[in-house]
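Please open the model in your viewer and keep the sequence panel beside it. The tour moves from one selection to the next.

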Amino acid sequence: MEHKQLDQFPKDFLWGSASAAYQVEGGWNEDGKGISVWDEFVRIPGKTFKGTNGDTAVDHYHRYKEDVALMKEQGLKAYRFSVAWTRIFPNGRGEINQAGLQFYIDLVDELLENEIEPVLTLYHWDLPQALQEEYQGWESRKIIEDFTNYAAVLFETFKGKVNYWVSLNEQNIFVTHGYLIASHPPAVQDPKRMYQANHYANLANAAVIKKFHEMNMPGMIGPSFAYGPNYSVNSDPKNVLSAEDAEDLNAHLWLDVYVFGEYPIAAFKYLEEQGLAPTIEAGDSELLKAGKPDFIGINYYQTNTVAFNPIDGVGMGKMNTTGEKGSTEESGIPGVFKRVENPFVERTNWDWEIDPEGLRIGLRRLTSRYRMPILITENGLGEYDQLTEDKEIHDTYRIDYLKQHIHAIQEAITDGATVLGYCTWSYTDLLSWLNGYQKRYGFVYVDQDETQNGSLARYKKDSFYWYKEVIQSNGEKR
């Protein structure tokens, strides 16, 4: 629908930006920090672009005051960051590592002193290696107790200071890449194990949210989900049905569990037929229903255009992790759907579809199905940025990208969606998990090349100043 006039952004709208501990902190073995699965995984030859790792990352662990000062200068309203579990419990549980906890106390205090709302993510993929070795991490029910215990420590520490909490970041990504594609830890390809690990992650997520509410925590908590709305390539009913299947298997399979405490009917029936459905024990359904979130966090980057895929059709294809445009291979689930190119949208150098209208479509779908507030926890453009001789970065392409997506959010708000805030990905440049340091997302350029050499000096991009004006005008000037 086309509106005659768009609603204004709410006065308390959270104009923010985001990061993740492993991608920015560095200090990987300092002050008692334990080893995470990513600390180990990046040391396997061929797993990351040019063998890049997060040992130093962009050194936020030692430079957080400098980074927060830049946020203050920009006028940022919210900063989403994750806590490294292994800084709090080096082995996943046991005695609290006070030095590690103190880092986050200092970070939160620094944010609050500069009038920036902390948005704390409990888990952004860096599982303690000790738990992976002891009981295979997410493949055991033991993870539920350990994750809840870890979360409770942070709830108690930051009660009254942190008002927005993200329980799990992109569960759909870390289980599929970890157990189906083998591009993330633990790097196995076993769909049966994937869906069982995913069920335990669902239970852990619900247990943590339930604990949050039992502790009468002020504020809100919800999971963050990587959502890409699915389109049919055309109006052929077979392709339309494939798009429905893709939405069910790639979105509702997680979101329905988060909000309703139940798996979607058709998707779960399919998993049963394939012998992939997780084992659900007594009490599981009750826990899932007891862990209803206060909002849905959405990480939005692109949409998916799909077509019917016959039983002898394509399976998992190769991802583009090099930045060589056009190198992505077709992929899908035989007998269900396959991803195809959308001729109506542009793509990044990493073959991610640029579709701001898809964000509005996604917000509409989520609002209609779940009727919950939505916090956009990630959205951004990863591209090659060039530092000029004058130490400037003219990233007009990023400004155009963010401008169009902000417009789509305003349209969705006018449609009736409740959107709490918008956290761009990312604040500073950082380590892109599989793509190294050449794929840049930030408002702040970090002098760190693709071979991990550089001074780590910070430079403000053109987009830094542009977003500052957007925030000052509450989205009116862009």
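What follows is a walk through a sheet and then two cavities.

This is a predicted model, in which local features need pLDDT of at least 70 and side-chain atom pairs count only at pLDDT 80 or more, while totals for chains, interfaces and linings use all residues. Residues are numbered from 1 along each chain as its sequence is written, and side-chain values use heavy atoms, with hydrogens and water left out.

Select the open sheet first, where four strands (DSSP runs of E, at least two residues, numbered from the N terminus) follow the order β6-β8-β10-β9 with mixed pairing; two strands pair if DSSP finds at least two bridges between them. Because β6 (230–232) and β9 (332–333) stand at the edges with a single partner strand each, one side of each is left without a neighbour in the sheet. Now show β6 together with β8 (residues 304–307), which pair in the parallel sense over three bridges, and find Y231 opposite T305 in β8.

Turn next to the cavities (sets of points on a 1 Å grid over the protein atoms alone where a 1.4 Å probe fits but cannot get out, with lining residues having an atom within 4 Å of a point), of which the structure holds seven of 30 Å³ or more. For the largest, with about 110 Å³ of space, select lining residues including W38, W125, F174 and H184.

Then move to the second largest cavity, with a volume of about 80 Å³; of its 13 lining residues, the closest to its centre are A21, Y22, E25, G26 and K33.

Key
On a 1 Å grid over the protein atoms alone, a cavity is a set of points where a 1.4 Å probe fits but cannot get out, and a pocket is an open set with protein on both sides within 12 Å along at least five of seven lines; lining residues have an atom within 4 Å of a point. Grid points are joined across faces, edges and corners, and a volume is the space filled by probe spheres set on the points.
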